[in-house]
Protein chains: 2
Amino acid sequence: MKAFSDPLVVFMPSGKRGHVAPGTTVLDAARHLGVDLDSVCGGRGICSKCQCIPAYGHFQKHGLTAAEDALSPVNAVERRYDEKRGLKPGRRLGCQARILSNIVIDVPPESQLHRQVVRKAAEARSVEMDPATRLFLVEVDAPDMHAPSGDFERLKSALAAQWDLPPATAPLPVLDRLQGALRKGKWQATVALHHGHAAEAPRLLDIWPGFFEGPLYGLAIDLGSTTIAAHLTDLSNGDVRASSGVMNPQIRFGEDLMSRVSFAMMNPGGAEAMTASVRDALDALARDIAAEAGVDPRAIVEVTLVCNPVMHHLLLGIDPVELGQAPFALAVSDALCLDAKELGLASINPAAQAYLLPLIAGHVGADAAAVVLSEGPERSEDLVLVVDVGTNAEIILGNRERVLACSSPTGPAFEGAQISSGQRAAPGAIERVRIDPATKEPRFRVIGCELWSDEEGFLEAVGPSGVTGICGSGIIEAVAEMRMAGLVDSSGLIGSAEQTGTARCRPEGRTHSYLLHDPGARGGPVISVNQADIRAIQLAKSALYAGARLLMDRMGVERVDRVVLAGAFGAHISPLHAMVLGMIPDVPLEKVRSAGNAAGTGARIALCSRAARRLIETTVRRIEKVETAVEPRFQEHFVAANALPHASDPFPELAGIVTLPSVDFNAGEGGRRRRRRG
Amino acid sequence: MKAFSDPLVVFMPSGKRGHVAPGTTVLDAARHLGVDLDSVCGGRGICSKCQCIPAYGHFQKHGLTAAEDALSPVNAVERRYDEKRGLKPGRRLGCQARILSNIVIDVPPESQLHRQVVRKAAEARSVEMDPATRLFLVEVDAPDMHAPSGDFERLKSALAAQWDLPPATAPLPVLDRLQGALRKGKWQATVALHHGHAAEAPRLLDIWPGFFEGPLYGLAIDLGSTTIAAHLTDLSNGDVRASSGVMNPQIRFGEDLMSRVSFAMMNPGGAEAMTASVRDALDALARDIAAEAGVDPRAIVEVTLVCNPVMHHLLLGIDPVELGQAPFALAVSDALCLDAKELGLASINPAAQAYLLPLIAGHVGADAAAVVLSEGPERSEDLVLVVDVGTNAEIILGNRERVLACSSPTGPAFEGAQISSGQRAAPGAIERVRIDPATKEPRFRVIGCELWSDEEGFLEAVGPSGVTGICGSGIIEAVAEMRMAGLVDSSGLIGSAEQTGTARCRPEGRTHSYLLHDPGARGGPVISVNQADIRAIQLAKSALYAGARLLMDRMGVERVDRVVLAGAFGAHISPLHAMVLGMIPDVPLEKVRSAGNAAGTGARIALCSRAARRLIETTVRRIEKVETAVEPRFQEHFVAANALPHASDPFPELAGIVTLPSVDFNAGEGGRRRRRRG
């Protein structure tokens, strides 16, 4: 028991307070009072993670006065640390500074082990750093011939005594390196310990002689049907150090998931070939992103993966054939934790652990689970529709009471694939489009350039490679703008030059296309939107809308309170244009939010927080799954949603914002038979 | 609650009894009463493991009369089983036969899940079958599109509901096969589940559609410095189906352990080369033994391994350099459970699990732990000395109160290596030797032949390959018999023909050799024992004796109550000859027992029983380790033990049994300078 005559210490920002015996270190006081003050070296004055800022003066709120000598003077350890590595003015090492009288201690964010990861959107879930893998400095007893035991056993004893950790297991190559590391570090070593589940034994992933500062890294991977995105994340603070993406090489086996399943069914060894190709791509991506960020691949000790069920099974080496037919049975649906090298990730730490988020249903994958983890519909007071746009769209509708989920086969059009001038989102791709309703002239912006195409210096700013194509968000805006400018009618037909009054509408076969960009003498591709592009976007948006509508039917609602647009390119979809297209149900425009790559964010959250893993593992069990493939209502909604925007939904919310010309270009053959013009 | 008016059932041989509701199956009654009645199919009338024998009549001891109709009549399931697979007369399937009135049920040994494995020696530990891996038949729910879950998750639910098992994990290749197996078996499958520790998750090693009868097999491997022995063991009853042995291919890197450690230190990649060679040998041995026994390698799902610390580390791929110098620090000493394929065992079930027994100290390995497991010194009322003879001898001294252990570097002489005519124990090797004290003529037996060499028909019985060499037990007997026949003096010197009176003692360089066997015109090797052989045996026996003596010093005793001789060839060492040589301390001859390959037996026990694994894991912690390499007393004992038998121990127990001629062949150069003759 501490006496009231003992010094009172108040920790900020938590406000936790208590009396401690005079001479107690700030770190010990923090531990005693349950204050979140980081330490890797366990108080040996090595790691500097426990830095804190003493505050002196009178504190009205806390009713105490802190004298300048309330802490012990800066000692030799702190001076040496300051000389060698630098300590910001006013800062002390919590493990060295001793509390002598009443004091207020500020714990800066970077000294908090479980610090909050700041997230921008108010609705988004906040995350507390609690990664599965952490560094621990330990001092291990030297071997005693007369009381023999293994170096590993003595390491385990040290981890128990110094860090209160249960006995760990270790891969053979780490056991092989153990003896050298301990001797080189003079029986002091830093270990990377993976402890995914409290109920399971921790696993010793790596060991360094003496003090290894880190940081350790994790890779959050969003493995899509078309693209693979990875985020290299600092496991000490959740910061993204680098992001990178590649095309999914499985595209050569089939553009969409069902054609890949067919490929597996029709070709002996087909599934194995697809497994090998995606594993190779992941490994190359990991290698590249480490090189790009200048990070030692050995420091990458964790991977989290989100993907749809077909990609999930192919990645694991499980034949996806059952996913191609009702009842779309998954081989395994729970979250999995396994050695990353089992998934072909050979270039990162050889003992790195991979965590795959749970699948929700045969067509609703770990990517949807990751979106749920990121957006938290199960905690929402109002009814939120979350749409993750990709080659397959994951659609989630819910609130505190109830969460429904389905997936809808939108095809790759929203990702710029199967579009005549389409390309993946990369520098040179058109991502924003505006068309003047009067002149029918377009202007646009391309990725990698701040200027609009009608601004001065645009061509120079774009550079010599020029405008290369149109990406997913670009084609969505282009089609919506064409509709608003009267270049396309509500059935999706592009009018002729005569019908629209612009020479940019040019015959292409028996239909028309609209010229967005002609590089002329500069060379490069001519970029236009043709009738097939419009049809592809119509199919995609109808599928998306029908899925959302199906969930609303199941929920028994006619309207949702808000919409979250997510996707690999989710941040770039304009809510207005999505509504003009009829991608999403009618909702006040200010209630539509872009969440960016929510699946990737979910993967990052799972990387940073074990609690988040436990949360999504339990949440997915509560989600009601709707199988679009066998729902007759899905087909009905799909057909009804073909118009721009579709007839079944009058979209009153758009009325005050945009005017949709009531044109009709029913052109018959070659666009010659005109019936009506608005 | 069952009423007393309900039928009374008495199970034999356990005598467990109780009242059960009329119509209860015998299997359910057994489970209810805690009777050990096996079942793989869970009562579906498929596996026949629950066979039992109803007994009718009056049972005085049990005070009941069992009528012929006390069980329900044989039903269709039993008739079909009898027709298809045959049921012994009088036997019933416990899952089909229902108890209608008072009855006595005999459970035959083969229907007991935890049946005792019978062991011959009275002192030896009895073992109850409780293997880590067992088969379970399960019925899995078919997938439901509207309540989607993975096939694996439904399998786990079935294992929980039908077998009360906690959630399992599964390797990726098994997950890949899961869906096919479940569909082929119409949602019925047999799984091999490894559940080594109650606290850990079981692991799904394999799956078969429908009912798979088994049995599953395990390999108990004794990995010695010189030889590797494996026993293919039926995991349902502990029976050894086949045994096989090969030379350890690491011999080419060094005959003894220390030369292998040196090889690792002196040659970059040397440890890796030794690791690869022993893993290859293990895999080939596993493949061969499966082929020899006609067993599907996939049915081999477990491996237990015992070996000394250097072999242990080399097998695991851990550089053994620390074991070559004080303080002889082990990298890891606890028992290990890992995937057998990590140890190169690629030819057995790909998910097979390997269990390595714990190490005791830097020089006292898992082989010694296995000897302890087999011989149970820690349970002995009297003081027992257990000597495991090999290239390194493991020596254990103890009783209920206290157990000490050390190892002693005997070299390979006891295994027939480094002996002029030496060979490994194999057909053609001399294993028994007798020398007539009067005529000095030898007679012998060779492995693979029942006749002694002086019996009629011996040469024909030995066959064309003839007598090929002398093995470990043969050289021990030869030297002891030479001593008893006065051919060798107490200093170990072989006398000349003149000194000994037999022309079989022939000059060989500056010393003499004794001719054991001359094939003459038949061809083949001349087999003799030369002075260097005697010296090698003297060194080996001195090391062995000194180790035992050291433990006795530490224990503070001058005598032991009994001696157990173990070793790869332990069963073949004659206790009398071992005492004549002075290999072991003096003890009444009837108190010396050969335990055979106790290390191998320990490995088999660990294969059959999880409880035995837990037992040895705790027992090794209690053992006091003595490091011979740094004990000055060891050197003293070693030097003093050089004579045959050594002067320090008068061996009174031998006095009434053998006469040791007091000869002295101090022969000087070339055997010419004789000083005294007995």
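In helix α14 of chain A, the buried residues are A:Ala598, A:Ala599, A:Gly600, A:Thr601, A:Gly602, A:Ala603, A:Ile605, A:Ala606, A:Leu607 and A:Cys608. The helix spans residues 598-608 and is mostly covered, with ten of its eleven residues buried. In general, an α-helix has 3.6 residues a turn, so residues three or four places apart point the same way. In α14 of chain A, burial takes in ten of eleven residues. The model is predicted, and every value reported here was computed from it.

The two chains were compared by superposition. A turn of 180 degrees, with a shift of 0.1 Å along the axis, lays chain A on chain B with an RMSD of 0.1 Å. This is the relation of a two-fold axis. Within chain A, the residue that comes closest to the rotation axis is A:Glu200, with its C-alpha at 3.8 Å.

The contact between the copies was examined next. Chain A contributes 41 residues and chain B contributes 41 residues. Of the interface residues of chain A, 100% are also interface residues in chain B, so the copies meet through the same surface. About 3,200 Å² is buried between chain A and chain B. Carbon and sulfur atoms give 60% of that area. Three residues, A:Met145, A:Leu172 and A:Gln179, supply 20% of the area that chain A buries against chain B. No other three residues supply more. Charged contacts also cross between the chains: four salt bridges were counted between chain A and chain B. A:Glu322 forms a salt bridge with B:Arg183. The closest N and O atoms of A:Glu322 and B:Arg183 are 3.1 Å apart.

Aromatic contacts were searched over the whole structure. Ten aromatic pairs were found over all chains. One pair, A:Trp208 with A:Phe212, is stacked. Its ring centres are 4.1 Å apart, with 10 degrees between the planes. A:Trp208 has a relative accessible area of 9%, and is therefore buried. B:Phe444 and B:Phe458 form an edge-to-face pair. Here the centres are 5.8 Å apart and the planes stand at 85 degrees. This pair links distant parts of chain B, 14 residues apart. B:Phe444 belongs to strand β25 (residues 442-446), whereas B:Phe458 belongs to helix α9 (residues 458-462). Both B:Phe444 and B:Phe458 are buried.

Aromatic rings also receive charged side chains. In chain B, the charged end of B:Arg443 sits over the ring of B:Trp452, 4.7 Å from its centre. In chain A, A:Arg613 lies over the face of A:Tyr355, at 4.4 Å from the ring centre.

The loop before strand β25 of chain B was also considered. B:Thr439 is in the loop between β24 (429-435) and β25 of chain B. Its relative accessible area is 43%, so B:Thr439 is partly exposed. B:Thr439 and B:Gly501 are 62 residues apart along the chain. Their C-alpha atoms are separated by 8.6 Å.

Backbone geometry has several exceptions to the general pattern. Most residues other than glycine have a negative phi, and most peptide bonds are trans. The peptide bond from A:Met12 to A:Pro13 is cis, with omega near 10 degrees. A:Pro13 lies in the loop between β1 (8-12) and β2 (17-19) of chain A. In chain B, a cis peptide bond joins B:Gly214 and B:Pro215, with omega about 0 degrees. B:Pro215 lies in the loop between β14 (203-209) and β15 (217-223) of chain B.

Positive phi values were found at two aromatic residues, among them A:Trp187, with phi near 70 degrees. A:Trp187 is in the loop between α4 (172-184) and β11 (188-194) of chain A. At 18% relative accessibility, A:Trp187 counts as buried, because the limit is under 20%. B:Phe328 has a positive phi near 55 degrees. B:Phe328 lies in the loop between α7 (309-316) and β19 (336-339) of chain B. With a relative accessible area of 10%, B:Phe328 is buried.

Note on methods: Residues numbered from 1 in each chain as written. Chains lettered and ligands numbered in written order. Predicted model: local features only at pLDDT ≥ 70, side-chain atom pairs only at ≥ 80, totals over all residues. Heavy atoms only, no water. Phe/Tyr/Trp six-rings, centres within 6.5 Å; stacked < 30°, edge-to-face > 60°. Buried < 20%, exposed > 50% of the residue type's maximum accessible area, 1.4 Å probe, protein only. Helix = DSSP H or I, 4+ residues; strand = E, 2+ residues; numbered from the N terminus. Lys NZ or Arg CZ within 6 Å of the ring centre and 35° of its normal. Least-squares fit on C-alpha atoms with pLDDT ≥ 70 in both. Contact = heavy atoms within 4.5 Å. Buried area = accessible area lost by both parts, 1.4 Å probe. Salt bridge = Lys/Arg side-chain N within 4 Å of Asp/Glu carboxyl O.
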